[in-house]
Every structure is written in C-alpha cells, then in structure tokens.
Amino acid sequence: MRQRKLKSWTILAASAVALASLAGCGGDNSNSNSNSESAASPKASPSGSAGQQAGTEKPLDLSIMLPIFKTNYPKDDGPVTTEIEKRTNTNIHLEWVPNASYADKFNITLASGKLPTIIYVPDVKNPSFVNAAKNGAFWDLTGYLKDYEYLSQANEVILNNSTVEGKNYGIYRGRALGRNGINYRKDWLEAVGMQPPKTIDDFYNMLKAFKEKDPDKNGKDDTYGMVLVKWTGQWASGFDTIKLWFGAPNKWGVADGKLVPEHQTPEYLEALKFMKKLYEEKLINQDFAVFDSAKWNDPVVNNQAGVIVDVTDNAARLDDKIHAALALEGKDNPDVHYVDNMIGVTGDHGLRALPTSGFAGMLSIPKSTVKTEEELKRVLSFIDRMNQPELQTLAGYGIEGKHYTLDGSDIVPSKDAALLESEVEGLNQMLTFIPADQGLKVKQTPLRLQTTKIQKEAEQYIVPNPAEPFISTVYSQKGQQLDNIINDARIKFIVGQTDEAGLLSAFETWKKSGGDDLTKEMNELYAAANNKG
Amino acid sequence: MKIRTEPSPGSGSVAAAAPTASLGRTRRWAKLKKDKWIYLLLAPGLLYFLIFKYVPMWGILLAFKDYQPFLGFWKSSWVGFEHFKVFFGNPEFVMLLRNTLILSFYNLLFYFPVPIILALLLNEVRRAYFKRTIQTLIYVPHFISMVIVASLTYVFLTTQGGIVNGLLEKYTGSTIDFLASPDWFRPMIILQTIWKESGFGTIIFLAALAGVDVEQYEAAIMDGANRWRQLWHITLPSIRNTIVILLILRMGEVMDNGFEQIYLMLNPLNREVAEVFDTYVYMMGITQGAFSYSTAVGLFKAVIGVILVLGSNWLAKRFGQTGIY
Amino acid sequence: MNKTYRTFGGTVFDAANYIVLSAIGIAAVLPFLYVVAGSFASDAELTQRAFFIVPHSFSLMAYKYIFSTDTILHSLINSMYVTVVGTLVNLIFTVTMAYGLSKKNVAGRNMIMNLIIFSMLFGGGLIPTYLVVRELQLLDSYWALMLPGAISAFNLIIVKNFFQELPPELEEAAKIDGCSDLSLLWRIVLPLSMPVLATFTLFYAVGHWNNFFSALLYINDPEKWPLQVMLRQIVLLSQMAAGSADSVDYNYVQQAQQSIKMAVIVVGTLPILFVYPFLQKHFAKGVLIGSVKG
C-alpha cells in the first residue's frame with residue numbers, strides 16, 4: 001500500500017511540475033508579441049506637422065488601454081471615434097478597463113506581456129511601473145518631445161514631476177496646477193454681513209460667524225463653519241492647504257540646502273494648533289475623523305456648513321447642487337450664485353496655494369508593441385495631434401449637431417446622457433491637454449469663469465513639493481505606514497485625544513520607524529538632482 | 001445482475017490484508033474495476049483541482065522573490081525570507097496579530113451561534129407562509145454592498161446628528177462616539193456581521209434540519225417528550241455534524257477578517273484596534289504593488305490555517321465526531 | 001404535521017418567537033427598502049434626507065437612464081447566463097466528486113482529501129491562475145468565469161459529509177436489488193439530498209451572481225461584462241482612494257448620481273433574491289419520510 005501511495009504521489013507531483021513549468025514559461029514576459037496591430041509604414045515622414053494630409057500613408061493601427069468611469073463607453077466604430085480616426089489617419093481600438101480595477105489590470109497586462117500601443121499609467125511612482133520602465137518596457141520619450149508642435153510646449157515643472165530617474169517614460173496628462181482653494185457660501189457671508197476674508201483671522205471670524213449667527217436664517221443653532229474629512233489625499237486636502245497659510249512647506253521644506261519633513265517645522269505645529277482651536281470651538285464638524293468622504297459635499301448643500309477647502313472647481317458643482325435642492329422646494333433663484341471661491345487667505349507668509357502635481361497619470365508606449373522608432377514617431381504624432389483645439393473639443397464633447405449645439409462659441413451639451421456616454425464620454429481620457437485645454441467649453445457661468453481665472457492665477461502662488469519627482473525606496477516599503485503615524489497623530493491632537501507632548505512623541509516614533517532613513521534618502525536624491533544642474 | 005458475495009461498499013473500510021502479494025494485487029484490481037464508476041465520477045473533480053489549483057501553485061514561491069510583473073517569474077530576483085523578516089520584524093506585528101485574532105475570536109464567539117439559533121427559531125414556526133417570508137427577508141442583507149452598510153452605519157452612529165446619538169443625548173444628555181472609539185470598534189463590526197450574514201447563514205442549518213426524519217418527532221411525542229426535549233434529543237443532534245464541520249473549516253480562516261468591512265470602518269482614531277493583517281497588506285500593497293509581500297503574508301496565514309484545521313479535526317475526532325475526512 | 005400538545009409555555013414561546021422573528025425580519029430588510037426608495041427619489045432629496053423609506057419626490061429618472069442603452073440590460077443577461085450555466089457546472093463537478101469521496105473504501109481517498117484541504121488554504125494567487133487560464137485559451141470567454149471556480153473545496157467537503165450521513169441501509173437495499181453505482185446516485189441519493197443540493201445551488205448561484213473580480217481579470221471585451229462589474233463601477237466611483245492620481249481627475253469625470261447608484265443596486269440584487277423562494281420548498285421537513293423503514 002505504501003509503495004502504491006508513493007507511486008501515485010510521484011506521478012501527481014511529476015505532472016504538476018510539468019504543467020507548472022509549461023505555464024511558468026508562458027508567464028515570462030516574452031517580447032515576441034503577437035499583437036498584429038502595430039503596422040509599420042517605413043516611408044512616411046512622421047513629423048507632427050498639423051497640416052499633414054491623410055491618405056499619403058496607411059492609417060496607423062493603434063490600441064489604447066484607458067480607464068472607463070461609467071458603464072457605457074464609446075465603441076470603436078462609434079461616430080466620434082470614427083471622426084477622430086479620419087482626422088488623425090489612424091485605426092483605433094479602444095481597450096476599456098473599469099477604473100475600479102485598473103491597477104490590477106495594469107499589473108496583469110505587464111505580466112502577460114501583451115500590451116497595447118498606448119497604455120495609460122495611473123501612478124508614475126508605482127513600483128511595478130518604475131521597475132518595468134527601468135527594465136526597458138517603455139520608450140524613453142525625453143528627447144522626442146521637442147519635435148512636436150504641442151508636445152514641445154509641455155510644462156517643465158510637470159515634466160520634471162513625472163520623471164522616473166530623470167527620464168520621461170510617457171507623456172503626462174495635464175491637469176490644472178493651481179486647483180486648490182477655499183469654497184464658501186456666498187449667501188451666508190452676505191447674511192452675516194461680512195466681506196470675503198483676506199487674512200487667517202478673517203477666515204476664523206468667518207467660520208465663527210457661520211456657526212453663531214444663524215446664516216441660513218432658520219432660527220436654529222444647527223450650523224457650523226467648515227467641513228473636513230479623514231482623507232489627506234490630493235483632494236479633500238483641507239488641512240494640507242491650510243497649513244500652507246501658516247508658512248508650512250508642502251510635504252518637504254528646504255532649510256540650509258537640505259530637505260526637511262513638513263511636520264518638523266514650527267509653522268506646521270502652529271497650523272495644527274489652529275485646527276485644534278477650530279475643533280474645540282466646534283467650528284468644524286466634530287466627526288470629521290470618521291466622516292464618509294463620499295458625502296462631504298452634503299453639509300454645504302444641506303445648510304449645515306459654510307466652507308469647504310478643496311479644489312476650487314468644486315464650487316461650481318456645489319452651486320449646481322444647491323440650485324437643484326432649492327428647485328425641489330420651488331425656492332430657486334437661477335441667476336444667483338450661492339457659492340464663491342478664492343485662492344486662499346494670508347498669514348505672515350503671504351499668499352500660498354497648494355498645487356496638484358499637475359498631471360493625472362501618463363500615456364506610455366511599450367517597446368514590445370511599438371517596435372521601431374519610425375512607428376514610435378507616428379504614435380507620438382497622434383498624441384500630439386490630439387492636442388489640437390478641434391480634436392480636444394471632439395474628444396471632449398463630440399460632434400456638433402449630434403452631441404452638442406453651439407451657442408455662439410459655447411457648447412450646450414445634449415440632454416441625452418446615455419447618448420453622450422456611449423459615444424463620447426471617456427474619450428477625453430486619451431487627451432494630454434498639453435499645453436492646456438484649448439478646446440471649446442461649456443457655457444461658462446460667472447462662477448466657472450472665475451474658477452478658471454483663479455486657478456491660473458494661483459499658479460504664481462503655489463508652493464511646490466521639492467521632492468515631487470523623487471522615487472524613494474524607503475517610501476515604497478514603509479511610506480504608507482510612516483504617513484499613517486503622522487496622520488493619526490495629528491488627528492488625535494486636533495480632537496484632543498493627545499496633547500502636544502503626545503504629538504511630538506509620535507513625530508519621534510516616525511523618525512525611528514524609518515522617517516530618518518527616508519529623510520536621508522530624500523536628501524541624497526535632492527543633492528544628486530541639484531548637482532545635475 | 002448476479003448477487004455479489006463480497007461485503008457491500010459503505011459498510012466500513014474493507015480489509016486490505018491479503019495472504020500473498022499477487023492475490024492482494026488481483027483483489028485490488030478487481031475492486032478498482034468494480035468501483036470504476038466511482039473513479040469515473042471522481043475524475044472531473046480531480047482534473048479540476050490539478051489544473052486550476054495545483055498548476056498555479058508555483059505562485060507560492062513568489063513569497064521568496066521580489067516579483068515584478070514585467071520581469072515575470074524567472075527574471076525576478078530571489079530574496080529568500082526577506083519578506084517574512086520585514087513582516088515579523090514590523091514593530092506593529094504584535095498589534096496586528098492581536099487585532100486579527102481578537103476580531104476572529106469575537107466573530108466565532110458572538111456571530112457563529114446566531115445563524116444556528118435563528119435556524120432553530122425558524123424551525124419552530126409552524127405557519128409555512130410566515131416562515132418563508134421571514135427567511136426571504138433575513139436573506140436580503142447578504143446582498144447589500146458593504147459600502148452601503150458602512151454608509152448607513154455612519155448615518156446611524158455619528159455624533160454629528162446621528163440617530164442613535166440623537167436619542168442618547170435626549171435621554172442621557174451625553175453622546176458616544178461609536179465610530180471613533182476603539183472600545184466600540186469590535187462590537188460594531190460584530191453587530192454589522194450579525195446583521196448582514198446571519199440570515200444567509202441559516203440556510204445551511206435549515207437544510208440540515210430539513211433532513212430530519214419526521215417520524216422521529218412523532219415517536220418522541222408519543223413517548224411524552226416536550227418541546228425542549230425534542231430540541232435536545234432530536235433537533236440539535238441532527239445539526240451537530242454540520243456545526244462541527246463548519247467550525248473546523250472556520251478554523252482555517254482565523255486569520256481572515258473580511259477586508260472590505262474593516263477597511264471601510266477603519267479610521268485614524270480606532271486604528272490601534274482596527275488594523276488587521278488584511279488591511280495592513282492592502283496598505284502595503286498600494287505603495288509597493290507588492291505581490292511578493294502579500295503572497296508571503298498569505299503563506300503565513302495559510303500555514304496557521306492548515307495547522308488549525310487539522311488540529312481541530314483531530315480534536316473533533318477524539319470527541320467522536322465525523323470530522324471533515 | 002408536528003402534533004405537539006399545547007402548553008401555556010409553548011404558546012407564549014411561539015408568540016414571542018413570532019414577534020422576535022418579525023422584528024429581525026424588519027431590521028434585516030429596512031436598509032434595502034432605503035435603497036429601493038432612494039432609487040425612485042431625486043438626488044436633492046438623497047442629499048437632504050439621510051435615511052427614508054418613502055420618497056417625497058418620485059422620479060423614474062434613474063431607471064430610465066439605466067435601460068436607455070442596452071448596456072446594463074445586456075450585462076444582466078450575461079450575468080444570468082453565467083449564473084445558470086456556471087451553477088450547473090459547479091453542481092456537476094462538486095456532486096460527482098463529493099459522492100465519490102463519500103465512499104470510504106475508495107483508493108487514494110485520504111490523499112485526495114489532503115490535496116483538497118491543502119488547496120483550500122494555499123493558492124498560487126492572481127497572476128499564476130491568470131496565466132493558466134490564458135494558456136488554456138479561455139481568456140475573454142465565459143468559461144473563464146465558470147471553470148476556475150468550478151469546485152469550492154468548502155462546499156465539496158460539506159456535500160461529501162451530507163452524502164456520508166445518508167443511511168447505509170439505503171445503498172445496501174438498492175444494491176441487493178441490482179442497482180449500479182451510477183443509477184444509485186441518480187435515482188436514489190440525489191432525490192434524497194434535495195435540501196443539500198438546493199443549498200449549494202443557491203450558494204454557487206449567489207457566488208456567480210456576485211462575482212465581479214473574475215470578470216475584471218479575464219474578460220476584456222466589455223460586451224461580455226456581467227452586471228456586477230457595472231455595479232461596482234457606479235457604486236465605487238466615489239470611493240476613490242486617497243492619493244490616487246484618479247482623484248485629481250474629479251473635474252474630468254462626471255460622478256454618477258446617487259439615485260442611479262441605488263437603482264443599479266436594485267437591478268443587480270432583485271433577480272438573485274427571487275431564486276431563494278423558488279428553492280425554499282426543498283427546505284421543508286419530511287423529505288426523508290418512509291425512505292428507510294425500521
């Protein structure tokens with residue numbers, strides 16, 4: 001019996017190993033790609049001159065992997081897609097991936113070796129991408145951009161932010177830099193008889209008035225100043241904006257030519273104390289640490305809070321929601337704006353604004369799919385040409401007459417949401433908006449016009465993060481944990497669960513848990529980057 | 001067909017002793033041939049396990065490599081026990097272990113009996129219409145997305161105008177910060193689980209109860225047994241086997257906590273009791289894209305799980321239960 | 001059926017039982033009623049009222065939107081197909097193997113059981129399984145959703161145990177009458193195991209219906225996406241992880257409206273909710289009456 005057992009185990013093991021090795025081999029990133037969609041056309045001159053006539057060369061076959069945010073999506077043979085193909089002399093295959101799983105799909109695609117012509121990379125710092133890039137998975141585009149009409153105008157700062165070890169392995173998708181600011185209820189401000197705040201003290205007084213003076217005039221003491229949430233990401237980053245007003249740096253400050261973590265500056269502590277004061281005086285929602293971030297606009301719309309420190313384009317959205325809510329009760333006044341926005345208030349350090357990184361992911365071109373430089377140039381030419389204002393409008397809003405009508409030079413989108421979603425929405429994911437969004441726009445209400453204006457204006461006041469382009473190994477391993485130490489400590493301090501001593505001891509813990517290593521590594525990268533000149 | 005003279009299958013293990021080797025072997029082949037349909041029935045399942053479970057097993061080795069998707073398996077470098085060192089050496093390891101185990105234990109202690117009790121209560125209902133209605137109702141929460149459950153929990157329990165705190169304040173003058181308090185985290189999670197999963201969990205017990213021979217009840221009644229005694233002597237034993245099996249299998253999951261639920265209820269103020277292995281690995285995973293690391297942790301969990309399953313199975317057998325074998 | 005004599009204690013218990021169960025039933029279904037109500041309400045109302053069962057404002061907008069293109073309808077059909085065929089596949093694989101393993105004298109039984117338990121806890125993971133599916137040319141086909149999960153070890157073990165619990169006299173009697181193994185399975189064992197089969201039909205069906213991750217992994221053609229993928233897209237849109245680059249995209253991506261989210265949940269949940277009542281008759285007592293005399 002034992003002999004038989006051994007025999008059956010051996011057979012089993014052997015077959016498992018055999019099958020496994022077959023599968024394992026197949027799993028290697030064999031660059032023998034069977035993707036038949038990379039047509040090469042050797043004779044064509046692929047410079048990106050905008051007036052290039054279609055028809056002198058075969059259309060370029062390309063596949064693009066993009067995230068889809070809705071449940072409907074534009075098809076390959078849809079009218080807008082076809083129009084884009086006509087104007088850029090391409091044959092496009094869209095690979096839509098639900099954005100909720102994009103990261104997983106991205107990794108699997110890397111592992112499977114079958115990549116599309118252009119792939120959207122959500123996080124430039126993600127180790128699987130960094131590793132792939134360093135190992136030659138993607139074309140290094142650094143030297144090529146200057147040859148193209150629009151790509152050559154790419155913003156230096158953002159280009160720098162999106163590098164991996166100094167090289168651009170993709171083209172960034174541009175987003176407004178100066179997006180953060182203060183959104184507040186204009187009608188409330190008027191109701192309490194105050195002017196828009198200019199200094200931090202004004203801001204404090206505004207919050208206080210919102211709490212105490214019954215700005216929604218309903219006779220109940222049910223309002224407070226500002227709404228805050230538990231996230232500290234790029235959006236919903238209330239505290240990250242406020243701390244700048246006090247002079248704290250944006251993630252890393254520079255002192256004596258060296259990088260210093262933001263929480264080690266006295267200004268940071270001052271900002272935290274201000275937040276604590278706001279909390280104690282009940283000027284911010286008392287449950288912010290557990291507040292469901294999906295709902296954080298609701299208190300402003302529901303007449304509970306008056307201020308939200310966020311991306312300034314949120315003001316228009318809030319405004320729309322308030323109009324909708326009032327319309328339900330029949331009390332709406334469509335000509336008035338209920339919400340207003342501004343860049344920020346000043347402390348002792350002047351006006352300072354929190355920038356975004358300036359981009360939302362990149363479009364990268366895999367070497368396994370695009371095998372020759374000729375073809376690469378054609379692909380770049382396509383991406384470049386998509387920055388033409390007409391094409392930006394096309395991909396953003398669709399075809400005139402079908403998906404929108406023109407009111408002067410303003411776009412009035414069709415009310416058929418389903419039509420838009422299945423033919424247009426999502427195509428703008430492939431736009432890089434370099435140097436900017438120059439297409440036609442939806443009719444701009446005064447609020448939206450103001451938003452665009454102050455976002456541009458904020459660019460002079462932004463406080464960049466000097467360490468933005470650096471990729472740190474320590475951060476990849478422990479970053480999230482380290483961030484949690486600081487974030488937890490500061491929230492506990494604000495709500496009063498720890499005192500200042502506790503806060504400072506948490507900062508010490510941060511140092512010992514890897515924070516010191518992180519600072520050291522960042523400084524080495526910083527020095528190296530500065531020496532390059 | 002001929003009447004067979006050999007002992008029928010199913011009546012216990014067949015004696016395998018054979019006087020000589022060759023006679024034993026022929027006997028074995030004869031038995032195989034006789035049972036050939038059984039082996040045929042086993043074949044598809046075996047094939048399934050081989051192809052879909054055992055061929056991918058090489059993935060376990062990723063725990064010992066620094067796996068990068070682009071490089072693939074062979075080109076990614078070996079790191080030996082590096083990931084395990086990082087995992088065990090993490091100063092928060094003890095906290096994670098403690099949180100994971102306590103939550104799991106609470107789940108076992110407080111949640112596990114609930115579907116059983118519910119099933120027994122339902123079993124006592126005689127109006128079929130009522131029983132089926134309640135069954136369908138309690139089965140619904142299983143399908144509600146956890147995201148909604150978390151959102152509704154917030155609405156009920158927040159200190160900022162939440163329903164429960166509103167009542168508390170009215171009658172006692174003070175509020176409880178359920179969502180932020182470390183003391184309330186575990187009870188809150190267990191209550192959520194009970195609400196969400198007990199209904200669906202009754203199904204398997206109801207199935208077991210349905211298999212009880214009704215004549216047994218009739219016989220018991222004639223012997224003068226009241227409802228409690230019927231419960232004790234007939235109903236409970238009929239589901240005892242199911243309970244034991246579920247318990248044993250549950251042991252394999254002692255390190256799992258249901259990532260999504262915890263992740264949604266986790267926040268900076270309750271992290272010290274809320275952070276468990278699953279959320280920790282997820283957190284590490286975002287920044288690291290760490291297949292290898294999460295594989296290593298998964299391996300650790302699996303080893304513990306196997307030990308516990310086999311251990312509890314052995315224990316069950318000692319007490320005369322069938323166990324999972 | 002249950003001819004107990006009525007006692008006072010018994011009646012009190014019954015009354016209390018009814019009350020308790022009713023309360024539990026209501027508590028269980030309330031949140032779902034909220035979701036249903038929300039799907040018929042306007043977004044403004046959803047912002048204002050945190051929880052309600054009867055909407056003040058009534059609007060069919062969400063449902064009109066959902067069914068205006070056939071994407072969601074199409075994915076619903078995909079889900080139904082995968083659920084029905086997939087569950088059939090599950091049952092065939094699971095029942096055959098469980099039955100085989102329930103026979104204690106089968107050669108290699110212990111080894112197979114060990115293999116199964118081991119595989120229940122240890123697994124290769126995402127990428128290796130993906131590669132197997134790819135090598136088998138199953139990518140982008142519905143088989144990729146049905147085969148990799150064909151047997152759940154957990155279910156297998158429980159079904160096997162149910163089979164083992166069947167009285168052995170049943171089999172002996174059948175064998176004496178000249179029944180073959182297959183015939184025994186088909187004509188006697190299965191009909192007697194209806195509660196178990198009903199249970200696991202349900203479990204597998206629910207598993208298929210709720211499964212979105214496999215589809216995300218293996219299906220590239222959006223035409224083949226099941227409903228849950230769509231649902232996740234909509235419901236999770238607002239739960240963007242902090243620090244992810246997508247969050248910066250807030251301006252460029254229109255958020256789905258609350259009421260639409262709720263409507264998608266209703267549409268995604270109702271079909272599977274109806275499966276249970278159909279299977280309920282198998283959970284009635286008395287299935288084994290008279291099967292074994294004495």
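At what angle do helix α3 (residues 61-68) of chain C and helix α14 (residues 258-273) of chain C pack, and how far apart are their axes? In this predicted model, the angle comes out at about 65°, and the two axes are 8 Å apart. Angles from 65 to 115 degrees count as roughly perpendicular, so that is the label for α3(C) and α14(C). As for handedness, α3(C) passes α14(C) in a right-handed crossing.

Now for the residues behind that crossing. On the α3(C) side, the contact takes in C:M61, C:A62, C:Y63, C:Y65 and C:I66. Facing them from α14(C) are C:S259, C:I260, C:M262, C:A263, C:V264 and C:V267. Sorted by class, the residues of this helix contact come to 10 nonpolar and one polar, with no charged residue in the mix.

Zooming out a little, chain C splits into two domains, with domain 1 covering 8-59 and domain 2 covering 65-283. Taken over C-alpha atoms, the centres of domain 1 of chain C and domain 2 of chain C sit 29 Å from each other. Where the two meet, eight residues of domain 1 of chain C are in contact with seven residues of domain 2 of chain C. On the domain 1 side of this contact, the elements that give two or more residues are α1 and α2 (43-48) of chain C. Of these, α1(C) supplies the largest share, with four residues. The class breakdown for that same side of domain 1 of chain C reads four nonpolar, three polar and one charged.

Helix α1 of chain C turns up again where chain C touches chain B. That contact draws 85 residues from chain C and 78 residues from chain B. On the chain C side, helix α1 (residues 8-39) of chain C makes the largest contribution, at 11 residues. As for chemistry, the side of chain C that touches chain B holds 53 nonpolar, 23 polar and nine charged residues.

One backbone detail in chain C is also worth a look. Phi of C:D140 is near 65°, a positive value in a residue other than glycine. This residue belongs to the loop between α6 (126-135) and α7 (143-146) of chain C. Is C:D140 buried or exposed? The answer lies in between: C:D140 is partly exposed, because 15 other C-beta atoms lie within 10 Å.

Over in chain A, there are three domains to keep track of. Domain 1 is made of 60-175 + 358-439, domain 2 of 180-354 + 445-458, and domain 3 of 473-531. The centres of domain 1 of chain A and domain 2 of chain A, again taken over C-alpha atoms, are separated by 33 Å.

Chain A has its own backbone details. Phi of A:K282 is near 60°, so here too a residue other than glycine has a positive value. A:K282 lies in the loop between α9 (266-280) and α10 (298-301) of chain A. With 12 C-beta neighbours inside 10 Å, A:K282 counts as exposed, since the cut-off for that class is 12 or fewer. Another loop feature concerns a peptide bond: the one from A:I434 to A:P435 is cis, with omega near 0°. A:P435 itself sits in the loop between α14 (417-423) and β14 (441-442) of chain A.

Technical notes: Residues are numbered from 1 along each chain as its sequence is written. Chains are lettered from A and ligands numbered from 1 in the order in which they are written. This is a predicted model: local features need pLDDT of at least 70, side-chain atom pairs count only at pLDDT 80 or more; totals for chains, interfaces and linings use all residues. Axes are lines fitted to C-alpha atoms, for helices over the stretch in contact, and angles run from 0 to 180 degrees between N-to-C directions. Angles under 35 degrees count as roughly parallel, over 145 as roughly antiparallel, 65 to 115 as roughly perpendicular and the rest as oblique. A crossing is left-handed if the near helix is turned anticlockwise from the far one by less than a right angle, and right-handed if clockwise. Ala, Val, Leu, Ile, Met, Phe, Trp, Tyr, Cys and Pro count as nonpolar, Asp, Glu, Lys and Arg as charged, and the others, Gly among them, as polar. Domain bounds come from an automatic or database domain assignment. A residue is buried if 20 or more other C-beta atoms lie within 10 Å of its own, exposed if 12 or fewer, and partly exposed in between; C-beta atoms are placed from the backbone.
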